Amino acid sequence: MEKRMNDKILTVVVPTYNAEKYLKDNLESFIYEDILLDVEILIINDGSKDKSLDIAMEYVQRYPNSFNIITKENGGHGSGINCGIRNASGKYFKVVDADDWVESDALRKLLRNLKEMDSDVVYSGFLWVFDQGQDDKKLFKKKAEISQPFIGVLYKQNYDFDEIADKLYMKMHNMTIKTDILRKHHIFIDENCYYVDTEYITYPIPYVKTISFVDEFVYMYRIGSQGQSVGIDKMQQNEKNYDKVLQSLFNFYAQLESDVPCSYKKKKYIERIIARVVAGKIKIMLSFPATKGKKKELQIFEYNLRERYPNIYNENINKAIAVLRKSRYLMYYPISFAVKRKFS
C-alpha cells in the first residue's frame, strides 16, 4: 500500500536552518499513515550547524517513501523554497517553516480538497501560536489573525481568482499551489535575504486562474521562537533586506502587462500586496529615533513612491500612514513616538 514519491498529491517543503529545537514537532505533525500516503515532506537542510540534519535523517530512515532531505550550502529562506520548487514531486506545493507545524485533521481536509477540486491555488487558514515556553503545544495560546478568507466565502467551490481578488489577502501560511505553476513560470525567490515570503505569494499570481477555500486552520505559525525576523529590532537590523525585497517587488510590478501577462484585477491585487510591504518599510523608518534627517528620508521615500508607483501609493490601508500624509508629515514626531512605544 506504500505510495512512491511521484504519486504524492502534495509536497511540503520545510526550509531548515539550525532548527533542532523545533524540527521534531514539525515532522511529527505529519506522522499519520493516511497523511504519509499522500504527502512528500521535503526537508531542505540549509547548511545547519546544529543537529537538524540528524533529526531529519531519523524521519527519512523511518519513512523513506514520504520524507526526503536535501542538504545544501546556506542560502536563506528563499534559497530553500527555490530548491524545493526544483525538487518537488507532488502535484501541489506548500511551505511549512521548520519552527512551525500542521494540524493533522485540518491537513486531511486540505488533502481531500486537493484531490477533488483541482484548483490552481487552495487557501486554508492558519493560527498564531504564541510560544510561552511550554513543552506541550496544547498549552500554547492560539489566535486567528484572519478567521475567514472573506465575508460570504463558499467552501468546496472553485472560484475564478479574478472574481474574488478584491476581497482577498493571502499569506504564505494560507497558500497551497500547483507545483507546475511555480516550475513552468520559473518562479524564483531572492536568496540570502529575509522577508521573501511576499515574493513567494506574489510572483505566481498572474498565472493563477482558479482558487478554492478550506474551512480549516492547517498551519500553526509559532510566534516568539528564537531567531524570528518579525520583531521591530530585527527589522531595523535587517532594513537593507527589506529594501531589497521591496525593490524586487517593484521590478516585478513594472513588468506586469508588458513582459508578464496580467489581468487588471490581478494587478490591483498585487498593488495591495506591495502596499502592505511599503507600510512595513515605513513602520521601520518610524521606529528609529525621530530626527529631521529621518523625517526627510521618509518624505523622499514617499515622494518617489507616489511619482513612480501611484497606484501602489494609493492602495495604502494603514491608518497611521494615512494620518501622516493628510497632515503633510506634521504628525511625523508623535506617530514615530507611538510606533516606538508600541514595539518597545
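I take a cavity to be a set of grid points where a 1.4 Å probe fits but cannot get out. The model I examined is predicted.

**Entry 1: enclosed space.** I looked for cavities of 30 Å³ or more and found that the structure holds one. The largest cavity contains about 40 Å³ of space. I listed its lining as Ala 275, Val 278, Ala 279, Leu 305, Ile 312, Tyr 313, Asn 316, Ile 321 and Arg 325. The elements giving two or more residues to this lining are α11 (264-287), α13 (310-314) and α14 (319-326). I noted that α11 supplies the largest share, three residues. By character, the lining divides into seven nonpolar residues, one polar and one charged.

**Entry 2: aromatic pairs.** I obtained a count of 16 aromatic pairs. I looked up Tyr 63 and Phe 67, whose ring centres lie 5.9 Å apart with the planes at 45°, so I recorded the pair as tilted. Tyr 63 is partly exposed, at 21% relative accessible area, whereas Phe 67 is buried, at 1%.

I then turned to Phe 150 and Tyr 159, which form an edge-to-face pair with 5.9 Å between the centres and 75° between the planes. Phe 150 has a relative accessible area of 6% and is therefore buried, the limit being under 20%. Tyr 159 also counts as buried, at 5%. I found both rings in one aromatic cluster with Tyr 123 and Phe 213.

**Entry 3: charges over rings.** I checked two arginines. Arg 62 lies over the face of Tyr 59, 5.0 Å from the ring centre. The charged end of Arg 276 sits over the ring of Tyr 169, at 3.7 Å from its centre.

Terms used
Residues numbered from 1 in each chain as written. Predicted model: local features only at pLDDT ≥ 70, side-chain atom pairs only at ≥ 80, totals over all residues. Heavy atoms only, no water. 1 Å grid on protein atoms, 1.4 Å probe; cavity = no way out; pocket = protein on both sides within 12 Å on 5 of 7 lines; lining within 4 Å. Points joined across faces, edges and corners; volume = space filled by probe spheres on them. Helix = DSSP H or I, 4+ residues; strand = E, 2+ residues; numbered from the N terminus. Nonpolar A, V, L, I, M, F, W, Y, C, P; charged D, E, K, R; others polar. Phe/Tyr/Trp six-rings, centres within 6.5 Å; stacked < 30°, edge-to-face > 60°. Buried < 20%, exposed > 50% of the residue type's maximum accessible area, 1.4 Å probe, protein only. Lys NZ or Arg CZ within 6 Å of the ring centre and 35° of its normal.
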